[in-house]
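Trainee: I would like to learn how to read a structure step by step, starting with a single strand and working outwards. Could you guide me through this one?

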Amino acid sequence: MIPYKYVDFPNLKETVNEILKIIPELHKDTSVYKSYDKEFFSNIKLLKDGVEKFNSWNEIFDIAIVSTKANSSLPIHKDFGPIEKTIYSLNLPLYNCDKSYNILYKLKENANFKKKSDENNDYEYFKYKEKDVEEVARFYLTQAVLFNTQMPHTAINPTNEPRIMLTMRFNTPLSI
Ligand SMILES: [Fe+2]
């Protein structure tokens, strides 16, 4: 399985500038995966046009802003839900993503996991302990990426600023 693949998102810088204008304050000091209604982004034509290079805007079933607070990391997890079939999400760096990184892992034999749900979003995921996983890749989100949500992963933010990214998941697979 390919852990991730950098892709060329058209007009990324301009698109991100538009998104930054509407990012809710909560993402500046909260670690959260928060889904938004597609309508929330509907005025950003650059985003919709860019997404169309990869899949139809209408095929998005989840569009979320993920923030990781300064000097913190997300739990090691694998995403759960319809994404199990489509595997890859399309992620865009929004703020302070080039000095923080993602790590993707493979499971060791007899690894344990816990099915958890996120009380904010009614969103379920599998959570793993560090002793049960082995690192296979790490990368900085310096550009758009197709991200394998079915490998256990985390985001590590060792900086003094929040890390904010946009993730989009689709009903149909992205080609990779
Ligand atoms: Fe995830």
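Mentor: Gladly, and please keep in mind from the start that this is a predicted model. Let us begin with strand S12, which covers residues 153–157: four of its five residues are buried, so the strand is largely enclosed by the rest of the structure.

Trainee: Which strands pair with S12, and in what sense?

Mentor: The general idea is that strands of a sheet pair through backbone hydrogen bonds, either parallel or antiparallel. Here, strand S4 (residues 72–73) pairs with S12 in the antiparallel sense over two bridges, and serine 73 has isoleucine 156 of S12 as its bridge partner. Strand S7 (residues 101–107) also runs antiparallel to S12, joined to it by four bridges, with leucine 104 standing opposite histidine 153.

Trainee: What is the order of the strands in the open sheet of six strands?

Mentor: The order is S1-S11-S6-S13-S3-S2, and the pairing is antiparallel. Strand S1 (4–6) and strand S2 (32–36) stand at the edges with a single partner strand each, so one side of each has no neighbour in the sheet. From one strand to the next, the twist averages 25°. At the S1 edge, three bridges join S1 to strand S11 (residues 145–148) in an antiparallel arrangement, and lysine 5 stands opposite leucine 146 of S11.

Trainee: Where does helix H1 lie with respect to the strands?

Mentor: Helix H1 (residues 12–20) lies across strand S6 (88–95) and strand S13 (163–170), and its direction makes an angle of about 75° with S6.

Trainee: Which residues of the largest nonpolar core touch the most other members?

Mentor: This core has 28 residues, and those touching the most other members are Leu92, Leu94, Val145, Leu146, Met165, Leu166 and Met168. Among the elements that give two or more residues to the core are helix H2 (45–51), strand S3 (60–68) and S7, while S13 gives the most, with five residues. Leucine 166 shows what such packing looks like for one residue: leaving aside neighbours within four places in sequence, leucine 166 is in contact with Ile19, Ile65, Asn91, Leu92 and Leu94.

Trainee: Is glutamate 84 buried or exposed?

Mentor: Glutamate 84, which lies in helix H3 (residues 83–86), has 11 C-beta neighbours inside 10 Å and therefore counts as exposed. Its C-alpha atom is separated by 9.9 Å from that of asparagine 148, although the two residues are 64 apart along the chain.

Trainee: What should I look for in the backbone angles of the loops?

Mentor: As a general guide, most residues other than glycine have a negative phi. Asparagine 11, in the loop between S1 and H1, has instead a positive phi of about 50°, and with 13 other C-beta atoms within 10 Å asparagine 11 is partly exposed. Asparagine 96, in the loop between S6 and S7, has a positive phi of about 55° and is likewise partly exposed, with 19 other C-beta atoms within 10 Å.

Trainee: How many helices and strands does the chain have, and why is it described as compact?

Mentor: There are three helices and 13 strands. The radius of gyration is 15 Å, close to the 16 Å that the globule rule gives for 176 residues, so the chain is as compact as a globular protein of that length. Along its principal axes the C-alpha trace spans about 45 × 35 × 30 Å, and 30% of the 176 residues count as buried.

Terms used. Residues numbered from 1 in each chain as written. Predicted model: local features only at pLDDT ≥ 70, side-chain atom pairs only at ≥ 80, totals over all residues. Buried ≥ 20, exposed ≤ 12 C-beta atoms within 10 Å, placed from the backbone. Pairing = 2+ DSSP bridges. Axes fitted to C-alpha atoms, helices over the stretch in contact; angles between N-to-C directions. Contact = placed C-beta atoms within 7 Å. Core = buried A, V, L, I, M, F, W, Y, C linked by C-beta atoms within 7 Å. Rg over C-alpha atoms; globule rule 2.2 N^0.38 Å.
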